[in-house]
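Student: Please take me through a close look at one part of this structure, and then follow that part outward into its surroundings. I would like the terms spelled out as you go.

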Amino acid sequence: MIFDHKSIRIRAMSTGGHYTSFQLPHQKISIDLGLASESSIRSNKVFITHPHVDHAAGIVRHCSTREMLQLDPPTYYIGEEHKAALEDVLAAWRRLNRSFMPCKIEALRPNQTIDVNKKYFVRCFRSIHRIPCLGYILYERRKKLSKQFKTCKGYEISRLREQGIEIYDYINVPMFAYTGDSVIDVLERESDLTQCAFLAMEVTFFDERVSVENARRHGHIHIDELVSRSDTFKNDRILLMHLSARYKFEEAKE
């Protein structure tokens, strides 16, 4: 599915246990690669929440296809706990594929930031799952004229800039966030999740076939847990994703 919201476009695909992947094509980044779609190949930066197969199996195809198309080597960002194992996987596939599959693998700790370009950056945070997992927030850097200069005329502003005087205030606006696989408590840890313009949020279970307790035990969210928190969401749009394969779409929607 494709969503356009403000300055970003989001391509999303997800079925819990099968595949999850997001692309933000304007920023040329992907988050998770459970399946390496054609649109993901243009992503030169890929942020992996955790190495479960349904979130990371597409890395090999992504890397190999970029090499075949003679694109720049991609950079894969993953939690520091998983970097060595991912390097082992790619080393094995280089031998199997008889190719170089050039790429960079960068280890992340919670709250690190990565520049996407001059306008955007990504911050990672710790999600709460069965294995170490990261969520990601895309921020837009914005600047506005400081209050003390708002009455200045254009030529005065130009003169101040020539003198090297800082005339702007800078703010970082959360535009897109993805919780990763996590229990709902992550919303209390990361206030920007409920404030960002577009939130992609894991909700895996939708009825009594899996209880709230069992969902939490496996590091996932049940729809019932959103009810008591419904007034905390200030987002423009919320995408519920990672639907368990035991549900049909229309069933979950209802």
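**The largest pocket and its surroundings**

Tutor: Sorted by class, the residues lining the largest pocket are 14 nonpolar, 2 polar and 1 charged, where Ala, Val, Leu, Ile, Met, Phe, Trp, Tyr, Cys and Pro count as nonpolar, Asp, Glu, Lys and Arg as charged, and the others, Gly among them, as polar. This is a predicted model, in which local features need pLDDT of at least 70 and side-chain atom pairs count only at pLDDT 80 or more, while totals for chains, interfaces and linings use all residues. Residues are numbered from 1 along each chain as its sequence is written, and side-chain values use heavy atoms, with hydrogens and water left out.

The volume of the largest pocket is about 500 Å³, and of its 17 lining residues, M1, L239, L240, M241 and F249 are the closest to the centre. (A pocket is an open set of points on a 1 Å grid over the protein atoms alone where a 1.4 Å probe fits, with protein on both sides within 12 Å along at least five of seven lines; lining residues have an atom within 4 Å of a point. Its volume is the space filled by probe spheres set on points joined across faces, edges and corners.) At least two lining residues come from each of β2 (8–15), β13 (237–241) and α8 (249–253), and β13 makes the greatest contribution, with 4 residues; helices (H or I, at least four residues) and strands (E, at least two) are DSSP runs, numbered from the N terminus.

L239, one of the residues closest to the pocket centre, leads on to the interior, for it is also among the members of the largest nonpolar core that touch the most other members, together with I10, F22, F47, Y136, L138 and F176. That core holds 25 residues, and β2 and β13 are among the strands that each supply at least two of them, as are β3 (19–24), β10 (134–145) and β11 (168–178). (Such a core joins buried Ala, Val, Leu, Ile, Met, Phe, Trp, Tyr and Cys residues through side-chain atoms within 4.5 Å; buried means under 20% relative accessible area, exposed over 50%, and partly exposed in between, with a 1.4 Å probe and protein chains only.) Leaving aside residues up to four places away in sequence, I10 touches M1, I2, F3, F22, Q23, L24, F176 and F198, a contact being heavy atoms within 4.5 Å. A second, separate core of 23 residues includes Y139, A177, V210 and F233.

Further out, there are 15 salt bridges, each a side-chain nitrogen of Lys or Arg within 4 Å of a carboxyl oxygen of Asp or Glu. In one of them, D115 pairs with R141, the closest N and O atoms being 2.3 Å apart, and because D115 lies in strand β8 (residues 113–115) and R141 in strand β10, the pair ties together parts 26 residues apart in sequence. D115, at 49% relative accessibility, is partly exposed, and R141, at 30%, is also partly exposed.

Another salt bridge joins E190 and R123, with 2.9 Å between the closest N and O atoms; E190 sits in the loop between α5 (186–189) and β12, and R123 in strand β9, 67 residues apart. Both E190 and R123 are buried. K119, E140 and R142, in turn, are linked in a network of salt bridges.
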